[in-house]
Amino acid sequence: MHKQHGLSIIEMMVALLISSFLILGITQVYLDNRENTLFQQSQGQNIESARFSILLLEQTLAKTGYRRRPDETMEAAFPSFSGGNCNGMATGEVVKRIDATSFCIRYQPAFPGARTCSGDLIADIPNDPYVNTDPVVEIFQLTNGELRCNGQTIATGITALNFDYGVNYNDDKRITEYTPAPAANARVRAVQFAIMAGSPTEVGKSSGSAVYEFWFGNAPNDKRLYTMLSSSTSMRNLMP
């Protein structure tokens, strides 16, 4: 009698079946880990973009209405302005809503070497304090998923932007109401804003986002990850 050498067909099929299950299991673990990694990376990118945008907006709004001479009236420090993309600004006006996702501000630069939010050096700033100078105008806009200042991109991945302006209607430095569209005679004293950032790539298995539905009232058509952050700031140069 001869002894059998090697594997039988049945043994080989059983081995292939077990190997297939192992490969499928490992592949699924890899795909799950990859999806979790993409989710975490996208969440981090969204939070970073939204936080940077909020920080920049807060810093810019804090400068709004700054005068190098505190004894000078707002009307004298900020004359009427008709240039740029701000659709004109009245005498003494330092904040103006352009549309739902853009606004203009004005301020006097505090010290030599100061730069605008777009990184441009501001020229002709007096070295001596309490010396008047021309106001700086900055316009913020959301365009094609980019937050821009004076046309320069400062943050990307921004899907939506919303502003509510705290206003009153006299010289009292207090807020009587918040409104998304201030009247022509309203005086803006504070701003509440919300930012929704979207991941550059699709990370979910199916379309849907509670954040997107909360903002727009309908489900998204893609599988991107959406994150929303909000903040509020008072314009310290226009408040007590």
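# Exercises on a predicted model

Asp172 is partly exposed, with a relative accessible area of 39%. The model is predicted, and the exercises below treat its salt bridges, pockets, nonpolar surface and backbone angles.

## Exercise 1. Salt bridges

Determine how many salt bridges the structure holds, and assign Asp172 to its partner.

Solution.

Step 1. The count of salt bridges in the structure is four.

Step 2. The side chain of Asp172 meets that of Arg174, with an N to O distance of 3.8 Å. This pair qualifies because the cut-off for a salt bridge is 4 Å.

Step 3. Arg174 has a relative accessible area of 46% and is therefore partly exposed.

Step 4. Another of the salt bridges joins the side chains of Arg148 and Glu146 at 2.8 Å, N to O. Arg148 is partly exposed, its relative accessible area being 22%. This value falls outside the buried class because buried means under 20%.

## Exercise 2. A link between distant parts of the chain

Locate the two partners of the salt bridge between Arg187 and Asp171, and classify the accessibility of Arg187 and of Asp171.

Solution.

Step 1. The side chains of Arg187 and Asp171 form a salt bridge with an N to O distance of 2.1 Å.

Step 2. Arg187 belongs to strand S8 (residues 187-202), while Asp171 sits in the loop between strand S6 (158-168) and strand S7 (177-179). The two residues are 16 residues apart, and the pair links distant parts of the chain.

Step 3. With a relative accessible area of 36%, Arg187 is partly exposed. Asp171, at 58% relative accessibility, counts as exposed, because the exposed class begins over 50%.

## Exercise 3. Two pockets

Describe the volume of the largest pocket and of the second largest pocket, together with the residues that line them.

Solution.

Step 1. The largest pocket encloses about 630 Å³ of space. It is lined by 23 residues, of which Gly92, Glu93, Val94, Ala186 and Arg187 are the closest to its centre.

Step 2. Helix H2 (74-77), strand S1 (95-99) and S8 are the elements that give two or more residues to this lining.

Step 3. By class, the lining of the largest pocket comprises ten nonpolar, four polar and nine charged residues.

Step 4. The second largest pocket holds about 180 Å³ of space. Among its 13 lining residues, those closest to the centre are Lys63, Tyr107, Gln108, Ala110 and Phe111. Its lining divides into eight nonpolar, two polar and three charged residues.

## Exercise 4. A nonpolar surface patch

Identify the residues that make the nonpolar surface patch, and place Leu22 in its secondary structure element.

Solution.

Step 1. Ile10, Val14, Ile18, Leu22 and Ile26 make a nonpolar surface patch of about 520 Å².

Step 2. Leu22 is part of helix H1 (residues 9-63).

Step 3. Leu22 counts as exposed, at 54% relative accessibility. Leu22 can contribute to a patch because patch residues need over 30% relative accessible area.

## Exercise 5. Positive phi angles

Find the setting of Asp124 and of Asn144, and state the phi angle of Asp124 and of Asn144.

Solution.

Step 1. Asp124, a residue other than glycine, has a positive phi near 60 degrees. Asp124 occupies the loop between strand S2 (102-107) and strand S3 (136-143), and is exposed, with a relative accessible area of 70%.

Step 2. Asn144 is likewise not a glycine, and its phi is positive at about 55 degrees. Asn144 occurs in the loop between S3 and strand S4 (146-149). Its relative accessible area of 74% makes Asn144 exposed.

How values were computed. Residues numbered from 1 in each chain as written. Predicted model: local features only at pLDDT ≥ 70, side-chain atom pairs only at ≥ 80, totals over all residues. Heavy atoms only, no water. Buried < 20%, exposed > 50% of the residue type's maximum accessible area, 1.4 Å probe, protein only. Helix = DSSP H or I, 4+ residues; strand = E, 2+ residues; numbered from the N terminus. 1 Å grid on protein atoms, 1.4 Å probe; cavity = no way out; pocket = protein on both sides within 12 Å on 5 of 7 lines; lining within 4 Å. Points joined across faces, edges and corners; volume = space filled by probe spheres on them. Nonpolar A, V, L, I, M, F, W, Y, C, P; charged D, E, K, R; others polar. Patch = residues over 30% accessible without salt bridge, like charges linked within 9 Å, V, L, I, M, F, W, Y side chains within 5 Å. Areas by Shrake-Rupley, 256 points an atom, 1.4 Å probe, with all protein chains shown as cover.
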